[in-house]
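Let's take a walk through a protein together, starting from a spot inside it and working outwards to its hollows and loops. Keep the 3D view open and turn it as you read.

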Amino acid sequence: MEPGAGTGEGAPSAPRRAALPWKVRLMLFALNVAAGLSMRRDGTINRSVFSLFDRRARASARPDVHGVRSADVEVDASRGLWGRVFSPSEAASSASPLPVVVYFHGGAFALLSAASVPYDAMCRLFCRELGAVVVSVDYRLAPEHRCPAAYEDGVDILRYLANAGLPDGVAVPVDLSRCFLAGDSAGANIAHHVAQRWTTACVASSSSVPRSSPFRLAGVVLVQPYLGGEERTDAEVRLDGKVPVVTVRGSDWMWRAFLPEGADRNHPAAHVTDENADLADGFPPAMVVIGGLDPLQDWQRRYADVLRRKGKAVRVVEFPEAIHTFFFFPELPDCARLVEAMKAFIDDSNASSDSAA
């Protein structure tokens, strides 16, 4: 447990109301309207409608005011797989090689993009505050591309990095042996499954990575991972309709759109929360972020418990007043605390690697 981040023990008898600034409430209202108008009852997405709300940012080789530049890298044009690479400019570079963070955006597996303005801004923040090169993955979306398409895209991004490295436009030295996967919500679910698939392939020597490649997964950061099951947990029942963003009805829609046809919520893609969870021997150290006003928190705690019981290194960081997607809003103090916790996790992982070397 991260010191000072909350105990996470027990559940309040009555749901708390999120104390949110008016600007955050307005943005949440707009997000809810956009999703409601776009997610059809038949399980499809009206992408034309959602595009009216989903503002996109262009990559820019010119550094922003904080010295961060960005470039888009095409990985597989046939399926629209690409990544946006955020790196410090030469003026802001460090003499030491920087770790790499491969980031998977959230959006219910069905919405948003690496180019969406909130994620472009978030990855710029991570680049400058974590002292890392960030690769934001634009994976295929459901329901047009159901599970496991997003997981396959994530693995192929790692394979690309391991074989080709980062683009020439990255002007700072990087250490590919210190690669961290990270993601929020649905993106955190993807990060888990990509880590599992990658480490399983490496154990089986089938990862298609040359032996000379320095690439290695050093850790995985899962921010409010979207997990579930057929059971309705205490938090889901207690907080349903009482807090923003996540509802039982919305979650059910999302799983139906993402999971293979005919699968229920106990499918291994969603239900990584009991002894049946498959974890490779080399699964990397994990940081799991949990919000006290997130209806998915019980699933996230069970996931962390499974990691512990299976002998995996896990650090749980809890924010008792955090709603789902709190990290979208720099106005919320927990957003800055999250970045601090991520940096501590990455720095500690790097220190452990150095001592083991």
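Find Leu181 in this predicted model. If you set aside the residues within four places of Leu181 in sequence, its contacts are Val102, Phe104, Leu158, Ala191, Val194, Ala195, Leu217, Gly219, Val220 and Val221. Leu181 belongs to the largest nonpolar core, a group of 114 residues, and together with Val102 it has the most contacts inside that core. There is a general idea to keep in mind here: in soluble globular proteins, nonpolar side chains tend to be buried together.

Now step back and look at the whole protein. It has 357 residues, and 55% of them are buried. Its regular elements are 9 helices and 8 strands. How far apart in sequence are the partners in its contacts? Among contacts between residues at least 6 apart in sequence, 79% join residues at least 24 apart.

One of the contacts of Leu181 was Leu158, and Leu158 is a buried residue of helix α4. Does the length of this helix agree with what we should expect, or disagree? With 16 residues at 1.5 Å a residue, α4 should span 22 Å, and its end C-alpha atoms are indeed 22 Å apart, so the two values agree. Besides Leu158, the buried residues of α4 include Ala149, Tyr151, Asp153, Asp156, Ile157 and Leu161. To picture how a helix presents its side chains, remember that an α-helix has 3.6 residues a turn, so residues three or four places apart point the same way. After α4 comes Gly165, which has a positive phi, near 75°.

Both α4 and Gly165 lead us to an enclosed space. A search of the whole structure finds 3 cavities of 30 Å³ or more, and the largest holds about 60 Å³ of space. Its lining is made of Val73, Val75, Gly83, Val85, Val135, Ile157, Tyr160, Leu161, Gly165, Leu166 and Pro167. Strands β1 (68-76) and β2 (81-88) and helix α4 (149-164) are the elements that give two or more residues to this lining. Which of them gives the most? That is α4, with 3 residues. By class, the lining has 9 nonpolar and 2 polar residues, and no charged ones.

Next, turn to the pockets. The largest pocket has a volume of about 980 Å³. Its lining counts 35 residues, and Asn32, Ala35, Met39, Val245 and Gly250 are those nearest its centre. Helices α1 (22-38) and α7 (248-258) each supply at least two lining residues, with α1 providing the largest share, 7 residues. The lining of this pocket is made up of 19 nonpolar, 10 polar and 6 charged residues.

The second largest pocket has a volume of about 800 Å³. Of the 28 residues that line it, Met27, Val117, Pro118, Phe328 and Phe329 lie nearest its centre. Helix α1 appears here again, since α1, α3 (117-130) and α9 (333-356) each supply at least two residues of this lining. This time α3 gives the most, with 7 residues. The lining divides into 20 nonpolar and 8 charged residues, with no polar ones.

Let's look at another helix, α8, which covers residues 297-309. Its 13 residues at 1.5 Å each should span 18 Å, and its end C-alpha atoms are 18 Å apart, so this helix agrees with expectation. Among the buried residues of α8 are Asp298, Trp299, Arg301, Tyr303 and Leu307. Just after α8, Gly311 takes a positive phi of about 80°.

We finish with two loop residues. Thr233 sits in the loop between β6 (217-223) and α6 (234-239). Is Thr233 buried or exposed? Its relative accessible area is 1%, so it counts as buried. Apart from neighbours within four places in sequence, Thr233 is in contact with Pro295, Asp298, Trp299 and Arg302. Asp298 and Trp299 are among the buried residues of α8.

Asp264 lies in the loop between α7 and β7 (286-293). With a relative accessible area of 41%, Asp264 is partly exposed. Outside its neighbours within four places in sequence, it is in contact with Glu230 and Leu259. Asp252 is 12 residues from Asp264 along the chain, and their C-alpha atoms are separated by 9.5 Å.

Terms used. Residues are numbered from 1 along each chain as its sequence is written. This is a predicted model: local features need pLDDT of at least 70, side-chain atom pairs count only at pLDDT 80 or more; totals for chains, interfaces and linings use all residues. Side-chain values use heavy atoms; hydrogens and water are left out. On a 1 Å grid over the protein atoms alone, a cavity is a set of points where a 1.4 Å probe fits but cannot get out, and a pocket is an open set with protein on both sides within 12 Å along at least five of seven lines; lining residues have an atom within 4 Å of a point. Grid points are joined across faces, edges and corners, and a volume is the space filled by probe spheres set on the points. Helices (H or I, at least four residues) and strands (E, at least two) are DSSP runs, numbered from the N terminus. Ala, Val, Leu, Ile, Met, Phe, Trp, Tyr, Cys and Pro count as nonpolar, Asp, Glu, Lys and Arg as charged, and the others, Gly among them, as polar. The expected span of a helix is 1.5 Å times one less than its number of residues. Buried means under 20% relative accessible area, exposed over 50%, partly exposed in between (1.4 Å probe, protein chains only). A nonpolar core is a set of buried Ala, Val, Leu, Ile, Met, Phe, Trp, Tyr and Cys residues joined through side-chain atoms within 4.5 Å. Contact means heavy atoms within 4.5 Å.
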